[in-house]
Amino acid sequence: MLQQPLSRRMLPLAYALVVMLATILGLTWFALQTQVTLAGFLNSESVWSKAQKQAVIALDAYAVTGSPADLAGFWQNYSVLDSDRLARDEIASGSFDQEVVDRAFVHGNVMPTAKPGMIFVLEHFSGAPYLRDALAAWRSSDAEIAQLASIAKELEHTHAAGASSAEQAAIQRGRIHALNDSIEPKANRFSLEIARGTTWMGHMLFIGVLSAACIAVLLWLDMARRTLVSIRGSEERYRLLFDSAADAIVMVDEASGRILDVNRTASAWTGRSADELVGDRFVHLFTQSMAGQQTGRAAANVLLGAKGQTRPVETQTSLVNWGSQPVRQAIIRDISERVAMERERRIAAEALASIAEGVIIADAGRLVISTNAAHAELTGFTSQALQGRRLDDTRRLPGGQPLPRSIWDSVAAGHNWMGEVVSLRSDGSSYPEHLSLSTIRDADDQVVYYVAVLTDIHEAKANQHRLEQMARHDPLTGLVNRAEFERHCAEAIAVAERERLAAVVLFIDLDAFKIVNDSYSHAIGDRLLVKVAERIRRQLSEGDVAGRIGGDEFTVLIPRLILREDARAIVSRLLASLSEPLLVDDYEIVLSASIGVAGYPLDGDNALALIANADAAMYAAKTEERNAFRFYTPMMHADTRRRLQLAAELRQALARNEFHLVFQPSVELRSGRIVAVEALLRWQHPERGEVLPAEFIPVAESLGLIRRIDEWVMQTTCAQIQAWDLAGVPPIRVAVNISARWFGHPAFVDGVSRNLQSRRLAPGRLLLEITESAMLRLGDDIERTMQTLHTLGIAVAIDDFGTGYSSMAYLKLPAVTCLKIDRSFVTGLPGDGNDAAITVAMLAMAKSLGLITIAEGIETEAQHEFLLRSGCIEGQGYLYSYPLRPEEVQRLLCPSQPSVPMRLKLVPPKRS
Ligand code: C2E
Ligand code: MG
Ligand code: MG
């Protein structure tokens, strides 16, 4: 991988080396040339010196001999000297003829190779040290050499004339020797300066070449150092880069598939050191095959860690050459985050698709990008159908206006917006929708997407409406409830006050509804109430309000009357309408109602007072005369207050021990013998004196106190029986009245038998008096309860028979042994044919079932007679005895014991 850049980086160094070698060679060549030139100078000088000496010797010989050979020898040597001088002066002139110089050099026997250098030096460096002195010495000999030539000519002339003499020859030789002596030191200096110059030049050349070579080598070395440093630096940088890369990089030999190099990230991810990885096969790093992966294309794979852990990666390979070796460079990128994000995105998308709420994703311009399945289901619009449309295109505010800008401004400002809108479906219909808008933002906090989550609140709204309706209305009849009625009253009073009018409240209570409810069934009772509500509503005018504020208690508000008494007409109509027979299922039920009337401003100035006073008036109507109405008078209020107070005091009566029992004897009609007593409860009120059950038992029932009272009666009765037994009173049956509440309680049977056991009394001593309506309330459990009582040996009497359902089914229940004919039938006897017929029928029926019949409320002899004749077995009534205190009972049954003055005289029946 480094090869190519390295070779490129080393190239300048190579060039520099070549340049350096060339420089050194050039310098060497230059030195050689200089040496050649110097050699030329030396050689020329030696040739010149030799020619000078030979010329003198030849001339001297010629002076003596006059031989032409000597003369020729002189002239030959002289021509050498003259050529040298010519060449020297020609070159020194600055503009010389090359040919002349060349000829002179040839003539002067100058080395041909040194010729150019010598010319160059003489031309340009004639003033250089040594050369300058050498040339000066040479030039100074020119005149003497010229004189030698003139002596030669003289001698030639003399010899030619034959006039030479020994003296003349001696004179001429003297001149020759003198000239030679003058030339010789000059020639020596010339030779010496040339030799010195050559030596100096040789030194200079050596130093110059050596220095240049040294500098070149040093420069090259420096350059090489710098290059290497920079190469090493870049390699380190490369390594650093390679190792610090965030991706794993692996170099793989293309031919063998084996790893050549890895970076640090690759080591870290694989958990193996570079040494361990190098040489291993590249494919071993992954769990998946690399087959089919294309060069340059990213491919997903999974990288294996040393401990078997895996890492999702993306690999991308490219082919490079390391010199001539093809190498595959693989870049492995960790895509864990991307994979995780993709998985999250997929989960989010799936979640989005599967959530029940409709979701719309819109871009920053609010154009729909996608919607989920729930949205399509809700609106009928597919994601494609909405694409490119604004998400608020199909939505309006409940008032019909388009969604205002302020919503989007608020959402864009970072607030979530939630609210109700009306959304259009694809079929053109619309539905109320709860819309929640929020945004998805980028790193710069710019809105990228809008997210709308929506739910169809059609049903929720309907439920809310229903709830509101329920909160304000009676679920059974649909009339307004107490709170809503009070609100209407308050409004009507405010209007009446403003407009100086009257507003009237009617309180309607059904007479004997309880009996209907208990005798038939609650379901029928409910249906009856619905019908009653309908009848009431039918009598009302617009603006009147009807409400149901209790079981069988209805109210009516009549606003805007001139006088309270103006309500009379509607009250009469109501009474008449309610007394019409009602058909419920297959039963025809005749009811009547009592109505109380209270009006603003006469009877109260607020809703609560008007309702309470109308109630009091109703109560008065009911007690005085049923199927009637009363206008409120302040007197009535006292009665109401009394009832309320009674309730408060009743709560404390048990604790204060204000109850006691009286016992009314039951006599055998035929013999007049007392065969049983019935325990009857009395409340000895500290201020009001004795309060009768008819007054306080309904209140105790409504307060939920009756069960505790019944239990007290049962305990007291059992204690009384035990006391009588101890006192030696002959054992008789004792009847106890049981309220529906207690009878229906799961712990009832247990409670009774526990009481009997605690006093060690035989179950046969007790008779439980239970009314038909109490039995009715028990529903399907009645059979089981009665069976249990029967198994325990406890007998049951059906009390007040004939006032309720009068069902044969009850008479046949196990444990039922007695039937008590209600006083309402006895009172009319014997004159009332209807009562007489019913009584006779009841007696016959009881007889056929083997039940003991007991007639209640016998007050007259005639009644006694009739009942006896009709087959009634026992009788109870003031004719025989009022209810008595226990000690009076004891005295009555044990006449032998000392008698105490009796409060009431026992009336013995007249025997026929
Ligand atoms: P009941 O069980 O039908 O009791 C008979 C009622 O008729 C008694 O009234 C009794 O005093 C009255 N009575 C008896 N003979 C005559 C008569 O010749 N003429 C008239 N006019 N009345 C007569 P009382 O004691 O006021 O009880 C009324 C009702 O209160 C009872 O009717 C019974 O249903 C209930 N009650 C009485 N004591 C208890 C009790 O201890 N527990 C429960 N749960 N209810 C009781
Ligand atoms: Mg009774
Ligand atoms: Mg009774």
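The following paragraphs lead through a metal site, a surface patch and a set of paired strands in a predicted model.

We begin with the magnesium ion (ligand 3), whose protein donors are oxygen atoms of Asp 799 (OD), Asp 800 (OD) and Glu 856, the last of these listed twice (OE and OE), at 2.0 to 2.6 Å from the ion. Along the sequence these donor residues follow the spacing D-D-x55-E, and the site thereby links distant parts of the chain, since Asp 800 belongs to strand 24 (residues 795–801) while Glu 856 sits in the loop between strand 26 (852–855) and helix 30 (861–870), 56 residues apart. Asp 800 is partly exposed, with a relative accessible area of 26%, whereas Glu 856, at 11%, is buried. A second ion, the magnesium ion (ligand 2), lies 3.9 Å from the magnesium ion (ligand 3), and Asp 799 coordinates both.

Turning to the surface, Phe 206, Ile 207 and Leu 210 make a nonpolar patch of about 310 Å². Of these residues, Phe 206 lies in helix 7, which covers residues 166–244, and Phe 206 counts as exposed because its relative accessibility is 54%.

Another part of the chain is built from paired strands. Strand 9 (residues 417–424) pairs with strand 10 (residues 430–441) in the antiparallel sense over 8 bridges, with Val 421 standing opposite Glu 433 of strand 10. The hairpin of these two strands has 5 residues between them, and there Gly 428 takes a positive phi near 95°. Strand 10 is in turn joined by 9 bridges to strand 11 (residues 447–456), again running antiparallel, and here Ser 436 stands opposite Val 453 in strand 11. In the hairpin of strand 10 and strand 11, with 5 residues between the strands, Asp 445 takes a positive phi near 70°.

Definitions and conventions. Residues are numbered from 1 along each chain as its sequence is written. Chains are lettered from A and ligands numbered from 1 in the order in which they are written. This is a predicted model: local features need pLDDT of at least 70, side-chain atom pairs count only at pLDDT 80 or more; totals for chains, interfaces and linings use all residues. Side-chain values use heavy atoms; hydrogens and water are left out. Donors are N, O and S atoms within 2.8 Å of the metal (3.2 Å for Na, K and Ca); water is not among the atoms, so sites may look incomplete. Helices (H or I, at least four residues) and strands (E, at least two) are DSSP runs, numbered from the N terminus. Buried means under 20% relative accessible area, exposed over 50%, partly exposed in between (1.4 Å probe, protein chains only). Patches are made of residues with over 30% relative accessible area and no salt bridge: like charges are joined within 9 Å, nonpolar side chains (Val, Leu, Ile, Met, Phe, Trp, Tyr) within 5 Å. Accessible areas come from the Shrake-Rupley method with a 1.4 Å probe; for residues, only the protein chains shown count as cover. A salt bridge is a side-chain nitrogen of Lys or Arg within 4 Å of a carboxyl oxygen of Asp or Glu. Two strands pair if DSSP finds at least two bridges between them.
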